[in-house]
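Good morning, colleagues. I should like to take you through one structure, beginning with the ligand and then turning to the domains and a sheet. Please keep the display in view as I speak.

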Amino acid sequence: MLDKSPASAVSAPNDLAAFWMPFTANRAFKRTPKMIAGAKDMHYFTTDGRKVIDGASGMWCTNAGHSRDAIAAAIASQAKELDFSPPFQFGQPKAFELATRIAQLAPAGLEQVFFCNSGSEAGDTALKIALAYHAIRGEGTRTRLIGRERGYHGVGFGGTAVGGIGANRKMFGNLIAGVDHLPATYDRDKQAFTKGEPDYGAHLADELERLVALHGANTIAAVIVEPMAGSTGVLPAPKGYLQRLREITQKHGILLIFDEVITGFGRLGYGFAAERYGVTPDMITFAKGVTNGAVPMGGVVVRDTVHDAFMTGPEHVVELFHGYTYSAHPLACAAGLATLDIYRDEKLFEHARQLETVMADAVMTLKGQPNVVDIRTVGVTAGIDLAPIADAPGKRGYDAMNAGFHDHDLMLRIAGDTLALTPPLIASDADIGEIIDKVGRVIRAVA
Ligand SMILES: Cc1ncc(COP(=O)(O)O)c(C=O)c1O
């Protein structure tokens, strides 16, 4: 039985039992809640009146900082003007405007945007488009989907199947059939304490040739990877890896999907990481930062040739039997347009490029702190691996998250025993300094 009484020091609702919280240690949370009442710019405000600096951009999404007035105003006025209109067979102007703005941020050739409501839906949408693309072109044998070990593409059946984080898969049986995985790109012995993309690991893309030899190129529809694997604990792509993957996929007629749910909208200093790496995939999935986290939204930017392949047949017939009631929801579109204005007007992608060095230098000062076995950085993001407590993997990371929130007024994200730092792109050098100082204290607290 859960103790339904609130923790004494925290002003919180007096019944926490009904909400089954996602990706949360529910029993521990409900014993000692971490409760948030408000947020502005770089900070959260807790229900017990503390100001907590956000080292995680919410969950990699509030790139422009929290509760931005312009986004709130856009949502409010949209709710009064047009709350909802059907996205199937009908349109509303802001959906088209936002699609155009997003396509402009993507590499040339990726010209159409399909909207959904989350990164998970974006992943499943991209995989379904890949399957359908091959089917309509008469290559219906191409049904195999290739992900990567340690990859994360959300929690739909498709995204879970191509994902490579063991814990996310193990409870859920067979998922979907016909999936294979590239190896993860991380090797601590060869990459530890690297700033930016590691030198070692481009050759791991060649594993795709092995999978092609094993299964036959004519059975493979698509490869999906994150340009920087975030949820598994910040694994930047090795130098040259993504280029190599592009060459091999192109050679074999396999579609390449970049999952940019985290890396999109400035996290790596560009509208999309594809630009940073000079690699044009066939589809890019996005979510999170598109609305600065203020309204759920996701989507897929699609290569024009892929899109155009569907635009055949009688004009009254639906070309792609896929979509969501809330695809291109008016509130999300209004939030998205206001968000993109902020990114542009405040030059946040450029600022992120400057912040990258500040962040990398600052976080590397934590080398030598107790239990720190690796630090990785890329863009405005860092992963700090702590040595696990014997027989309790994940416990040190979990304790660090709690110590950060309760004792050091710091919001951290964790992936097992890895601390993930990914502050809003509006952060000043001083904010980065404060976050790293607090992280150091947290690391010592859990030593
Ligand atoms: C790379 C990547 N893809 C997909 C997702 C899933 O997004 P959502 O939680 O919005 O479904 C995430 C979430 O963190 C992500 O990091």
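Let me begin with the ligand in this predicted model. Its surroundings comprise 14 residues, of which Ser118, Gly119, Ser120, Gly154 and Val261 come nearest. Helix 5, residues 119-136, supplies the largest share of this shell, namely 3 residues. Sorted by class, the shell around the ligand holds 8 polar, 4 nonpolar and 2 charged residues.

I turn now to the domains. The chain is divided into two: domain 1 covers 34-64 together with 347-445, and domain 2 covers 71-345. Taken over C-alpha atoms, the centres of domain 1 and domain 2 are separated by 26 Å. To the contact, domain 1 contributes 31 residues and domain 2 contributes 30 residues.

Which elements give two or more residues to the side of domain 1 that touches domain 2? They are helix 2 (57-60), helix 14 (348-364), strand 13 (372-377), strand 14 (382-386) and strand 17 (418-421). Helix 14 gives the most to this side, with 7 residues. By class, the residues on the side of domain 1 that touches domain 2 are 15 nonpolar, 10 polar and 6 charged.

Finally, the sheet. Here 4 strands form an open sheet with mixed pairing, in the order 1-2-3-15. Strand 1 (36-40) and strand 15 (410-411) are the edge strands, each pairing on one side only. Strand 2, residues 43-46, runs antiparallel to strand 3, residues 51-54, and 3 bridges join them. His43 stands opposite Ile53 in strand 3.

Thank you for your attention.

Methods. Residues numbered from 1 in each chain as written. Predicted model: local features only at pLDDT ≥ 70, side-chain atom pairs only at ≥ 80, totals over all residues. Domains from an automatic or database assignment. Contact = placed C-beta atoms within 7 Å. Nonpolar A, V, L, I, M, F, W, Y, C, P; charged D, E, K, R; others polar. Near = placed C-beta within 6 Å. Pairing = 2+ DSSP bridges.
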